[in-house]
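Visitor: Please take me slowly through one part of this structure, the surroundings of the ligand, after a word on how a pair of helices is described.

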Amino acid sequence: MANVLLEMRQIDKIFPGVRALSKVDFTLRAGEIHSLMGENGAGKSTLVKVLTGVYGRDGGTILLDGKETTPRTTKEAQECGISTVYQEVNLCSNLTVAENIFIGRQPKKHGFIDWTTMNKRAAELLQRLSVRIDVTKTLDHYPVAVQQMIAIARAVDVSARILILDEPTSSLDEQETQKLFTIIRQLKKQGMGIIFISHFLDQVYELCDRITVLRNGKLIGAYDVDKLPKFELIAKMVGKSLSDVQDFEKREEKSQPSEEMFLEASHIGCTGSLVDMDVAIHKGEVIGFAGLLGSGRTETAELLFGIHEITHGAITVNGKKMHIKEPMAAMKQKIAFCPEDRKSSGIIEDLSVRENIILAMQAKDGMFRHIPYKEQVKITDDCIKLLNIKVSSREQLIRNLSGGNQQKVIIARWLATQPELLILDEPTRGIDVGTKSEIQKMAITLAKKRGMCVIFISSEMDEMVRTCTKLIVLRDRRKVAELENEDISSENVMRAIAGGEG
Amino acid sequence: MEKLKQFTSSSLFLPIVALAVLLIFNAVFVDGFLHIQLTEDGRLYGRLIDILNRSSSLVILSLGMTFVIATSGIDISVGAVVAISAAVVCTFIGGRGDGIPEHPMVLAMLAAVGAGVVCGIWNGLLVAKFKIQAVVATLILMTAGRGIAQLMTEGQIITVYYKPFSYISGTIPGNILPTTIFIAAAMVLLVVFLMKKTSIGLFVQSVGINPTASRFSGINVTLVIFLVYAFSGLCAGVSGLIESSLIRAADANNAGLNMEMDAILAVALGGTLLSGGKFYIGGSVIGAITIQTLTTTMYALGVSADQLPVVKAIAVIAICLIQSKRCQEIFDKWKARHMQPDNPEEKAVNKA
Ligand SMILES: Nc1ncnc2c1ncn2[C@@H]1O[C@H](COP(=O)(O)OP(=O)(O)OP(=O)(O)O)[C@@H](O)[C@H]1O
Ligand SMILES: [Mg+2]
């Protein structure tokens, strides 16, 4: 048996109103990739943060190489050889990419920062992850996925013995994920211990050696991957019997769009972000935007919602030509948009769950038609129940929710506005298996029962194939193909993405 | 116990404690501090009343400032706007020695408040529409404002002899409390009403915390920012009435001098972070009263006017330290150690 690198014993962590961890044990060996699994809010990130000194613990011991250690700050943790990529990317958006990678350990020459070396090494490092970007630009020029790669690049560059990756692949596509895996495997060969957190079961099974399952802050057990079939893992995570879990895989019958057109956008574009795109959305239709990162999926959604104004083309809603110049104009047409970057454009972190949920509704009603508190409470409670959001109370600050639960609050915010067109940009990012299939089903049910239109944007092909009745494929900021009904399959999408001008 | 716990964790806890400490200090060391008596013409008189009276204009200014700071902005022009408002009201009423006003006083007052609003709109346009940094944008009016006031008064100090003008800062005959207290109370009530019956508070906070996400939620960020500066201008306009009535004159160089700093301080003492976000109207009001109490105390103790800023600075540093994040953390840790959270699941865990 390989030697034990890290042992956490009987870890307790209490937050006001919640017991996030109770008596959790965790063991990490050298040369092992160990997955932490559990539903949203199970305590995975908290366990990691206790280890890296972000949070102080309320009980238990941490042994590094058999020696008791208590990193009190993230810096101390780094000095102990623990390198971490947190779930919420914590880089500085107004520093350059290179600065972000080398922050705190800048290469020096004659006592001054050696910018040339720094930029060169940053570029090389990203090259290994096949990210080709200008490292001298500030970080806010790049989308979340790239930021995530940068965070990873930084983490794998410091010589560490333990590497922690908290949902590193949540916004990466297949290829990028594979690149990352190659690097992780290399590091494993060098004897590093790796903690990998993800809600993608396939990735966990592909990459990891062992799995530790948490549920509601409690340890369920640690297992070898090859001895734990997938269904059993899910059952352990959600705490239900095997037969219940098998329902997860069941597909909801897709919705049948009606003839009636809701929104039509012809040849829309915006200088600098989108070249040319056509969409026609019928009532009750679930449309998917497929394509690689930066292919124009999000940009289209943002144009439809009025985040940016179109510079050419036309949008008609319910047969009337519309100028959607700002989000409110779109909201008046009953369009709702869940943005992909939850931290920067989704949550209002210091407001409560209740305030976050009613925010869009209130904005729509205007500031003088205040929604009475009682009604707010009712709406919030309904949403919490509907989406199964894990909160200690509805007045809890959203920043204190687990990542997946924050995502659910944002979805709730828009469902509460009773939209006719719901645009979901990466709605299942960071969401656990159970809820993921709930959200997919919800998209379909809304389309079927309420005749709502849904635009579904996701990097997970599987989920798009499962839910959408029509897929629009984008490449290089323009539409390249449209697939319907039987034609919808991962292979066809891949072909369209890879194929020449079509 | 439960109530106490609630109170110690409430946002008003520290501001109230700070004020209470000051009041107790005063009660012990200043003779007749708590004494309130009725004068012959039926007015209440005493140091406490005096403090309330004198703090009114600062209270009003800090109301507007609270909203501005909550959107993570700042308005350093309010002092100058006070001077403008004072100049407007005095020029309208005029300085005729026989005490006859040139225009009706109501009109003059409206004009002064209106001038304040116009100034606020100017700031709002610069910050919200043209996206100039708040400090820089309001600096323009801060420096130019007194010049404008000078122009209006033609470089003179206009002294108003019209009797009713002094009622604004004094007492209307037949009333037992100074008018300023009613004006301040009315403004506070207006804000409380806005907070309770409209969603402006929610929007302001939301914009202050995360403007991008607010925009994505459909909030008109530009409008919200514009409105808070306009409102701050309105508050400064009202304050200008009080300040000018106090000396019955418009003194463009000294009216409202350094009041912007006191207002910002009041907001900070009240627990609102200068980085924006959550704001506490009640805290700001208490903060403003605290600052005035501090000033009054110093005078009562015989601290001379030129030493006053030093003593004030020390007191402010102390109060800010207590409210600092670091202190909060220590306090929270202490609380966590002494007050265990209740754990219904505890037993279930042990069984499992
Ligand atoms: N700073 C905090 N204050 C209060 N409660 C918190 C805080 N951080 C986390 N929690 C609570 O602790 C619990 C565990 O959260 P954690 O972030 O560890 O979940 P997770 O397993 O990482 O979930 P996810 O898959 O959604 O990321 C949640 O119920 C959350 O609400
Ligand atoms: Mg997490």
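Guide: A crossing of two helices is called left-handed if the near helix is turned anticlockwise from the far one by less than a right angle, and right-handed if it is turned clockwise. With that in mind, and remembering that this model is predicted, we can begin in chain B, where the axes of helix α4(B), residues 78-93, and helix α6(B), residues 134-153, come within 8 Å and cross at roughly 15 degrees. Because angles under 35 degrees count as roughly parallel, α4(B) is described as roughly parallel to α6(B), and α4(B) passes α6(B) in a left-handed crossing.

Now to the ligand. Ligand 1 has 22 residues around it, of which A:Gly41, A:Ser45, A:Thr46, A:Ser402 and A:Gly404 come nearest. A:Gly41 also places a backbone N or O atom 2.7 Å from an oxygen atom of ligand 1, whereas A:Asn40 uses its side chain, with an N or O atom there lying 2.8 Å from a ligand oxygen. The side chain of A:Gln87 likewise has an N or O atom 2.9 Å from an oxygen atom of ligand 1. On its own, ligand 1 has 640 Å² of accessible area, and the protein covers 92% of it. Two or more residues of the shell come from each of β2 (18-29), α1 (44-51) and α15 (403-415) of chain A, with α1(A) giving the most, three residues. Sorted by class, the shell around ligand 1 holds 12 polar, six nonpolar and four charged residues.

Notes: Residues are numbered from 1 along each chain as its sequence is written. Chains are lettered from A and ligands numbered from 1 in the order in which they are written. This is a predicted model: local features need pLDDT of at least 70, side-chain atom pairs count only at pLDDT 80 or more; totals for chains, interfaces and linings use all residues. Side-chain values use heavy atoms; hydrogens and water are left out. A residue is near a molecule or strand if one of its heavy atoms lies within 4 Å of it. A polar contact is a pair of N or O atoms within 3.5 Å; within protein, one must be able to donate a hydrogen and the other to accept it, and residues adjacent in sequence count only if both atoms are side-chain atoms. Accessible areas come from the Shrake-Rupley method with a 1.4 Å probe; for residues, only the protein chains shown count as cover. Helices (H or I, at least four residues) and strands (E, at least two) are DSSP runs, numbered from the N terminus. Ala, Val, Leu, Ile, Met, Phe, Trp, Tyr, Cys and Pro count as nonpolar, Asp, Glu, Lys and Arg as charged, and the others, Gly among them, as polar. Axes are lines fitted to C-alpha atoms, for helices over the stretch in contact, and angles run from 0 to 180 degrees between N-to-C directions. Angles under 35 degrees count as roughly parallel, over 145 as roughly antiparallel, 65 to 115 as roughly perpendicular and the rest as oblique.
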